[in-house]
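Trainee: Could you take me through one part of this model closely, namely the disulfide bridges and the places they join? I would like the cut-offs stated as you go.

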Amino acid sequence: PWEAALFGRVLQRADCLQHCLGRQLGAAPSAHRASHAIRRDFEQREPYNYLQVAFFQLKKLDQAVSAAHTFFVANPQHLQMREDIEKYRRMSGVKSDNFRDLEATPHWEAYETGVQHYNADEYLQAVARLEESLTEALSALEECRALCEGPWEDEDDEEEEMQPGLYEAIAAHYIQVLKCRQQCVLEIATKPGRISATEDFIPSHLDLLQFAYDQVGNQAVAAECAASYLLFYPTDEPMLEKMKQYRTVLGEDTAVTARESIQHYVQRSLMEKKLIYYAVEHLGGTFNDPDLWTPDELIPENLKEKHREDQEKQKQETLDVEGRKKRGPLPFEGIAVTMDSRQMNGTQRVVFDGVLMESECKDLLQLTKAAGEAGDGYRARRSPHTPHERFEGLTVLKAVQLAQNGDVDWRDAKLLLQASEKSRKIIESYFTPGKKLHFSFTHLVCRTAVDEEQEGRMDLSHPVHADNCLLDPEGQECWREPPAYVYRDYSGILYLNDDFQGGGLFFTEMDTVTVTAEVHPKCGRLVAFSSGKENPHGVWAVSRGRRCAIALWYTHSQEHAEQERVKAEELMEQRAVEQDRPDGEEHQEADHRGRSSSELPIPSGGARPTSRRHKPGSDRTQHPKELRARDEF
């Protein structure tokens, strides 16, 4: 009987909700549900990126400027939009009023203005704007909570498998709604264009208001704000001391109570947290509590340690996301981030795909043959790291010198310079935008398995190490001192092939044995990471075949920049100058004949939104122009 009564009310409410949505939307609610990808694009204001282009083409300049500004507010690191905004500012007919945020939230506008007045000791104006902000924020919170209602959304397959029964599914759906409602405070506390929310957004309003009201002589409302703040932090000593002062001024018999809206907010939030923690403890799952003020006694004992770990992890993930936002867009089209630091269980790690085309990998593999015959490295001798492999290496200067002697094709040597420079720009834009990265060393290397010596092999192709410090697994330390290359800041590996066994890159903890991530080589894949103790790494044994890649190291220190590269670029420029002469035309044409194109993708540009497709009319198979030192590709 109780089940019929319960489910009857639930189904009746669901039917009512569906009916109301259908009446308002003019169709079945399912027709208006958007995918996660579409919702994410709207959260990031991506449609305004397209709108500003459309309005500009329609010559509606004022609307184009507003759309561009709205997009830029939420994406302040978008380099192309930054340039477009500057162009709009220089255009005649564009007014300052056109630069307005069409998605501005009332509570954030009021909050920032109120804080400005507060910091300027203009407390009367601060009170008015902060009160407005608090009211609007609580209203936005209710709207967000209402949007949490809706059908169950699969979070992952594992969770679905854990809840096969009806009652478990109902509980999971309800808990999902409760978790969504709890996260709403983060949504209203996050300023457009930011990743992290303002901590204690609601309590901070009350803290500022109680001080501002006190300064303007309204101790009654100041006491009310202080009492409201104490609902969040009942043991806060400075606020308790202020309450004593207010009671002395107002009289001990004067009733001082917290605001009703804040009482309701706190009581409701605590009840939801209690239900969620009970579900997490008894039914499984996780909960990232968005509030710092959650009472410790509300969290079950067996979850307290996990709760602290989750908060630290959430904070680190937020920092990583903020770092990614600051990086801005990649400088070339067609390149994808396959794995980032979070997916690789570390920090300052990333994998890019699509850096080179198959034809470019094949051309560079042609160059590796010279590494075995006349290279600068070990010239097919046994590897310094293992007797089970042969090692071949070629620097950029040696490659150019071999081209001068006619031992290798000039185009292949130039491609080595281009591919390594392209990798540098990608890594610089991703990790250190605005801060120059210089080459420290560039090495085209191949590791070849010695067929007769693979049986019973137990070692690695390259032992675990860090690139700018001496790793001490026993002491869990990495000593940044010579003979380590202490000036190296970032490292990269650009793979050229995958027709071999083994040879994958792996990252470990400081103990050098706990593997945290692996990267499998393939043509055009670039793995990049910071060179310090946070990224110990090694290479699995190459058990069959030949593994080739361009090893790259970078530094912020110009004094440690790769001098051989400077000499190689000078020789390449001399070659270009010679080819510009009439007597070099025949030789130049011969160079171009019968070769696959090695031109690298051009940087993305233009006012249009970022797209994975190539620009109309672009010819990605045309022959590249001859390289100059000043060329940007």
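Mentor: What follows describes the disulfides one pair after another, with their placement and burial.

This is a predicted model, in which local features need pLDDT of at least 70 and side-chain atom pairs count only at pLDDT 80 or more, whereas totals for chains, interfaces and linings use all residues. Residues are numbered from 1 along each chain as its sequence is written, and side-chain values use heavy atoms, with hydrogens and water left out.

If a disulfide is taken as a pair of cysteine sulfur atoms within 2.5 Å, the count comes to five disulfides. With bonded cysteines counted along the chain, their pattern is 1-4, 2-3, 5-9, 6-10, 7-8.

One of these pairs is C144 with C184, whose sulfur atoms lie 2.1 Å apart, and the link is left-handed, with -85 degrees about the S-S bond. The pair links distant parts of the chain, C144 in helix α7 (residues 123-147) and C184 in helix α9 (residues 166-188), which are 40 residues apart; helices here are DSSP runs of H or I with at least four residues, strands are runs of E with at least two, and both are numbered from the N terminus. C144 and C184 are each buried, where buried means under 20% relative accessible area, exposed means over 50% and partly exposed falls in between, with a 1.4 Å probe and protein chains only.

Another disulfide joins C148 to C180, with an S to S distance of 2.0 Å, and this link is also left-handed, at -75 degrees about the S-S bond. Here C148 sits in the loop between α7 and α8 (157-161) while C180 belongs to helix α9, so that distant parts of the chain, 32 residues apart, are linked. C148 counts as buried because its relative accessible area is 10%, whereas C180, at 32% relative accessibility, counts as partly exposed.

The pair C361 and C523 has its sulfur atoms 2.1 Å apart, and this link is right-handed, with 95 degrees about the S-S bond. C361 lies in helix α15 (residues 358-374) and C523 in the loop between β12 (515-519) and β13, so the pair ties together parts that are 162 residues apart in sequence. Both C361 and C523 are buried.

For two further cysteines, accessibility can be stated: C16 counts as partly exposed because its relative accessibility is 45%, while C225, at 0%, counts as buried.
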